[in-house]
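Please open the model in a viewer with residue selection enabled. The tour below proceeds stop by stop, stating what to select and what is there.

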Amino acid sequence: MSFIPKVRHQKTAFDSRAEEDCYESLKWKEKIGEIKDLETQVRVKLLNGIYHHTDFKFTFTDTDETVWAEYKGFEDARWKMVKKIWRYHGPGRLFIYKGRKLALLCVEVITPQKGDYDAESKEETSKEVKD
């Protein structure tokens with residue numbers, strides 16, 4: 001496994017400059033009031049013993065819906081597994097961003113299927129995220 005240096009932005013570390021660009025875009029949306037409560041590197045329990053650190057978590061101010069977001073450059077096997085699990089056990093919608101700066105786009109939104117959704121898992125995740 002190779003060492004990949006983190007990109008620092010004030011007190012926050014990012015895996016890439018592109019992820020930092022995504023953060024700056026979301027910070028701008030927070031500043032103009034589109035979103036609120038922006039957090040970085042949020043640990044989410046998907047299944048017993050399976051956790052994923054999402055890049056971002058925020059709440060839309062107009063609907064008060066809390067969502068999670070990932071910036072993706074390269075999609076490895078682990079990420080593909082996380083996406084599949086999120087479709088059934090994610091705590092809420094997951095926005096996936098790609099691109100850089102002005103070309104940053106949300107390319108996919110994963111909405112967990114309600115029929116197979118585990119409400120207990122959601123409650124436990126919410127408690128862990130607040131801690």
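**Stop 1: Salt bridges**

A search of the whole structure finds ten salt bridges, a salt bridge being a side-chain nitrogen of Lys or Arg within 4 Å of a carboxyl oxygen of Asp or Glu. The model is predicted, and local features need pLDDT of at least 70, side-chain atom pairs count only at pLDDT 80 or more, and totals for chains, interfaces and linings use all residues. Residues are numbered from 1 along each chain as its sequence is written, and side-chain values use heavy atoms, with hydrogens and water left out.

Select Arg17 and Glu20. Their salt bridge has its closest N and O atoms 3.8 Å apart. Both residues lie in helix 1, three residues apart, about one turn of the helix; helices (H or I, at least four residues) and strands (E, at least two) are DSSP runs, numbered from the N terminus. An α-helix has 3.6 residues a turn, so residues three or four places apart point the same way. Arg17 counts as exposed at 53% relative accessibility, whereas Glu20 counts as buried at 11%. Here buried means under 20% relative accessible area, exposed over 50%, and partly exposed in between (1.4 Å probe, protein chains only).

Select Glu70 and Lys72 next. Their side chains meet in a salt bridge at 3.8 Å, N to O. Glu70 is buried, with a relative accessible area of 1%, and Lys72 also counts as buried, at 15%.

Then select Lys98 and Glu75, whose side chains form a salt bridge at 3.0 Å, N to O. Lys98 lies in strand 6 and Glu75 in the loop between strand 5 (66–71) and helix 2 (77–89), so the pair ties together parts that are 23 residues apart in sequence. Lys98 is partly exposed at 29% relative accessibility, and Glu75 is partly exposed at 22%. Extend the selection to Lys83, Arg87 and Glu108: salt bridges that share partners join these residues with Glu75 and Lys98 into one network.

**Stop 2: Helix 1**

Select residues 17–31, which make up helix 1. This helix has 15 residues and reaches 21 Å from its first C-alpha to its last, close to the 21 Å expected at 1.5 Å a residue; the expected span is 1.5 Å times one less than the number of residues. Its buried residues are Ala18, Glu19, Glu20, Asp21, Cys22, Tyr23 and Leu26. After the helix comes Gly33, with a positive phi near 95 degrees.

Within the helix, select Asp21. Its relative accessible area is 8%, so Asp21 is buried. Leaving aside residues up to four places away in sequence, Asp21 touches Arg100, Lys101 and Leu104, where contact means heavy atoms within 4.5 Å.

**Stop 3: Leu104 and the cysteines**

Follow that contact to Leu104, in the loop between strand 6 (94–98) and strand 7 (105–110). Leu104 is buried, with a relative accessible area of 15%. Beyond residues up to four places away in sequence, its contacts are Asp21, Cys22, Ser25, Tyr71, Tyr97, Lys98 and Gly99. The C-alpha atoms of Leu104 and Cys22 are separated by 7.1 Å, although these positions lie 82 residues apart along the chain in numbering.

Now select Cys22 and Cys106. Why is the sulfur of Cys22 not bonded to the closest cysteine sulfur, in Cys106? The two sulfur atoms are 9.1 Å apart, too far for a bond, given that a disulfide is a pair of cysteine sulfur atoms within 2.5 Å. The structure holds zero disulfides. Cys22 is buried, with a relative accessible area of 0%, while Cys106 counts as partly exposed at 35%.

**Stop 4: Nonpolar cores**

Keep Cys22 selected and add Leu26, Phe56, Phe58 and Tyr97. These have the most contacts inside the largest nonpolar core, which has 15 residues; such a core is a set of buried Ala, Val, Leu, Ile, Met, Phe, Trp, Tyr and Cys residues joined through side-chain atoms within 4.5 Å. Helix 1, strand 3 (35–47), strand 4 (50–60), strand 5 and strand 6 each give two or more residues to this core. The largest share, four residues, comes from helix 1.

Center the view on Phe58. Residues that Phe58 touches, not counting those up to four places away in sequence, include Leu26, Ile35, Leu38, Val67, Ala69 and Tyr97. Finally, select Val44, Leu46, Val82 and Ile85, which are among the eleven residues of another core, lying apart from the largest one.
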